[in-house]
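Got the viewer open and a selection tool ready? Here is a walk through the model, stop by stop.

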Amino acid sequence: MSYEINVPSSAWSMQTVTLDGSLFRIELKYKERTERWYMTLKDNTGIDLLTEKKLVDGQVITGLWDLPGVQGAIAVQRNFGTDVYPTYDTLGPGKQFSLVYLTEAEYTLLLQTEDNSNYVARGYR
């Protein structure tokens with residue numbers, strides 16, 4: 001079952017999350033200059049796995065990389081509306097966009113659907 005990752009109401013946050021039984025640190029940063037959210041993923045010791053990946057609707061942020069301990073995928077999900085990029089006020093629980101973790105089974109199923117143009121299978125570009 002997908003897991004919604006909390007997005008605090010601040011321009012920068014660091015949080016520890018458990019994804020498929022492994023601990024990770026997620027840093028979320030909103031840059032006013034570009035009016036976009038960026039995510040950095042670290043292992044539990046603080047080593048960067050991904051750095052400052054832009055959050056875009058329907059995009060699997062972890063999809064292109066085989067990351068240690070990440071079995072599923074972190075993605076941006078549009079809940080309503082037509083915007084493509086989450087803005088400062090539109091990302092988080094109950095808002096237009098959510099940051100979600102899809103289990104490996106959910107991600108595999110998603111890749112098998114016809115409407116998966118924004119989702120990229122791990123290892124393919």
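Where is the place of Asn 6? Select Asn 6 and you land in the loop between strand 1 and strand 2. Before going on, some ground rules: this is a predicted model, where local features need pLDDT of at least 70, side-chain atom pairs count only at pLDDT 80 or more, and totals for chains, interfaces and linings use all residues. Residues are numbered from 1 along each chain as its sequence is written, and side-chain values use heavy atoms, with hydrogens and water left out.

**Stop 1: around Asn 6**

Asn 6 is partly exposed because its relative accessible area is 40%; buried means under 20%, exposed over 50%, and partly exposed in between (1.4 Å probe, protein chains only). Show its contacts (heavy atoms within 4.5 Å). Leaving out residues up to four places away in sequence, Asn 6 touches Gln 15, Leu 28 and Pro 93. Now draw a C-alpha to C-alpha distance from Asn 6 to Leu 91: you should get 9.4 Å, for two residues 85 apart in sequence.

**Stop 2: the whole chain**

Zoom out and colour by secondary structure. The protein chain has one helix and seven strands, in the order β-β-β-β-β-β-β-α from the N terminus on. Helices (H or I, at least four residues) and strands (E, at least two) are DSSP runs, numbered from the N terminus. Of the 125 residues, 38% count as buried.

**Stop 3: down the hairpins**

Select strand 2 (12-19) and strand 3 (22-31). Strand 2 and strand 3 pair in the antiparallel sense over eight bridges; a pair of strands counts if DSSP finds at least two bridges between them. Look for Thr 18, whose bridge partner in strand 3 is Leu 23. This hairpin has two residues between the strands, and Asp 20 takes a positive phi near 55° there.

Next, add strand 4 (36-43). Strand 3 and strand 4 are antiparallel too, over eight bridges, with Lys 29 bridging to Tyr 38 in strand 4. Four residues lie between these two strands in their hairpin, and Glu 35 in the turn has a positive phi of about 55°.

Keep going to strand 5 (residues 48-54), which runs antiparallel to strand 4 and is joined to it by four bridges. Met 39 stands opposite Lys 53 in strand 5. In the turn of this hairpin, which also has four residues between its strands, find Gly 46, with a positive phi of about 100°.

**Stop 4: Glu 27**

Is Glu 27 buried or exposed? Select it in strand 3: Glu 27 is buried, because its relative accessible area is 14%. Turn on side chains and look toward Trp 12, since a polar contact of 2.7 Å joins the two side chains. (A polar contact is a pair of N or O atoms within 3.5 Å; within protein, one must be able to donate a hydrogen and the other to accept it, and residues adjacent in sequence count only if both atoms are side-chain atoms.) Beyond four places in sequence, Glu 27 also has contacts that include Ser 13, Met 14, Thr 40 and Lys 42.

**Stop 5: the three-stranded sheet**

Hide what you have and show strands 1, 7 and 6. They make an open sheet in the order 1-7-6, with antiparallel pairing. Strand 1 (3-5) and strand 6 (73-78) are the edges, each pairing on one side only. Strand 6 and strand 7 (residues 97-102) share six bridges, and Ile 74 stands opposite Tyr 101 in strand 7. Bring in helix 1 (residues 104-111), which packs on the sheet and touches strand 6 and strand 7.

**Stop 6: the cores**

A nonpolar core is a set of buried Ala, Val, Leu, Ile, Met, Phe, Trp, Tyr and Cys residues joined through side-chain atoms within 4.5 Å. The largest one has 22 residues, and Met 39, Leu 41, Leu 55, Ile 74 and Leu 99 have the most contacts inside it. Strand 3 gives the most to this core, with four residues. Centre on Leu 55 and show its neighbours: among them are Leu 28, Trp 37, Ile 61, Val 76, Tyr 85 and Leu 91.

For a last look, select Ala 73, Ala 75, Leu 102 and Tyr 107: they belong to another core, of seven residues, lying apart from the largest one.

Key: Axes fitted to C-alpha atoms, helices over the stretch in contact; angles between N-to-C directions.
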